[in-house]
Amino acid sequence: MDLAMAISNFLLFSICFCFLASYQDLHSVNAQSHNLSQLSVTPINYDLYHSSGNLMEEIRALVHRHPDKLTMETIKAGNRGYGAEVTVVTYCKQKQENNERSKLRILLSFGQHGRELITTELALRILSILSEEKILTSMDQSSLNSALDNLVIKVVPMENVNGRKIVEAGDLCERRNGRGVDLNRNWSVDWGKKEKIDCDNDRVRRGTQRLLLIDYDPYEENPGIAPFSEPESQIMRKLAISFEPHLWVNVHSGMEALFMPYDHKNTTPDGLPLQRMKSLLEEVNHLHCQDRCVVGSGGGSVGYFAHGTATDFMYDIVGAPMAFTFEIYGDEATSSSDCFKMFNPTDLATYNRVLSDWSATFFTIFKLVPHKLGEFNSKASMFKLDRLVSIDEYLDGYLMERRNRYGKKMEVLELGMQEIRTYFRLFLLSSVLLMFMFCSRISKSKCSRPIVSALPL
Ligand SMILES: [Zn+2]
């Protein structure tokens, strides 16, 4: 009895001891991680960065000081109790009626992801240089001015204002809009597809380990309930379709890269469109990235695919001959919870270097794009003259033209392209059959008909 009592007491004591020990362990781990997370998170440095309100106010004042070059509009939209507004600044010298259509058109978007504050600072820097309040020391001003005479540049300095406000309220890792949708997954090209990570694929695994925490994260797919469910994307789509840009750049941060289409598959476009985009990006990489930027298709370069992105839409549906995503800065060594530091420079020297390097990049592109487009367009037209066009190619061209003209019906056309081709072939086939039947009937009736001329009249 005593022995049993002793054993049960010992057991009870052991259980209590284990419980207390584990509780203490747990408690100390929690406290430790709490301290760690408190220690490792860098707050927004407002000595370097503007708040969203201040940034937009500064842009408004800049536009006001330069009405000869800059104009500004704010577009609003909303649905299901959620509203958003997008401000667009247009740079166009010597504005006249229809002047915009005769120039080369460029559309740039910044701040699509809330946590990437550095991109919106770059928008302000580019607008300041366009207004000539700031100058680029690395570039000859007169040659730059003559290039700018022939351009219309639309800048969206902060596409995702609501998401940015969430970041400023303390949620430093937020990249989505004000109701949890990723605005770079809400477009219609290959929308809503879930990407499985193939853990057996070495390249994918390595890519994912390195890139999991940065700007292309397959775990962070929040595409919304349908393509263009979000007011911000609706505004951007409308803007792109009416403006028909020759060049689109979606500016992000998280790494250093110059991406061309496609984001949703491991290929680039081929032929002349590829040569045109690739030669521009390689030149830019050499001039401004010291060849360290990743160049290639978004889908091919990061190890997995992003579905429903703006750049794929701009290339495939809007028909922009050049469509890019630039990633302008990333601190890949930083812990994943320290988002401000991971996506944005935190010291003055790096902040200044990023802004001056990338503004120089954009102004180099403004100078190069007309040449690249001209150079390859003339090659393309020569090429077109001496080759036969197949029915499929003819239909593709026809549909592309219609897409550009009737933007709203574009997705329907996109989905219906295959069906239209099939119907067109069936139509051709049935026409040929009908013709054949008609002809054979005529020749038959000719044979069976009595020879009228033989009859007396
Ligand atoms: Zn981003």
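This briefing looks at one helix, one annotated residue and the nonpolar cores of the structure above. The model is predicted, so local features need pLDDT of at least 70 and side-chain atom pairs count only at pLDDT 80 or more, while totals for chains, interfaces and linings use all residues. Residues are numbered from 1 along each chain as its sequence is written.

**Helix α2**
- In α2, a helix (a DSSP run of H or I with at least four residues, numbered from the N terminus), the residues S52, L55 and I59 are buried, where buried means that 20 or more other C-beta atoms, placed from the backbone, lie within 10 Å of a residue's own, and exposed means 12 or fewer.
- These buried residues cover an arc of only 65 degrees around the axis (taken from the directions from the helix axis to the C-beta atoms), which puts them on the same side of α2.
- On the other side of α2, the exposed residues are G53, N54, E57, A61, H64 and R65.

**Residue E327**
- The unreviewed UniProt entry places the feature "active site" at E327, and such annotations may be inferred rather than shown by experiment.
- E327 lies in β8, residues 322-328, a strand (a DSSP run of E with at least two residues).
- E327 is buried, with 25 other C-beta atoms within 10 Å.

**Nonpolar cores**
- The largest nonpolar core (a set of buried Ala, Val, Leu, Ile, Met, Phe, Trp, Tyr and Cys residues joined through C-beta atoms within 7 Å) has 71 residues, of which L108, L122, M314 and F324 touch the most other members.
- Helix α4 gives the most to this core, with 8 residues.
- A second, separate core of 7 residues includes I166, V167, L172 and M342.
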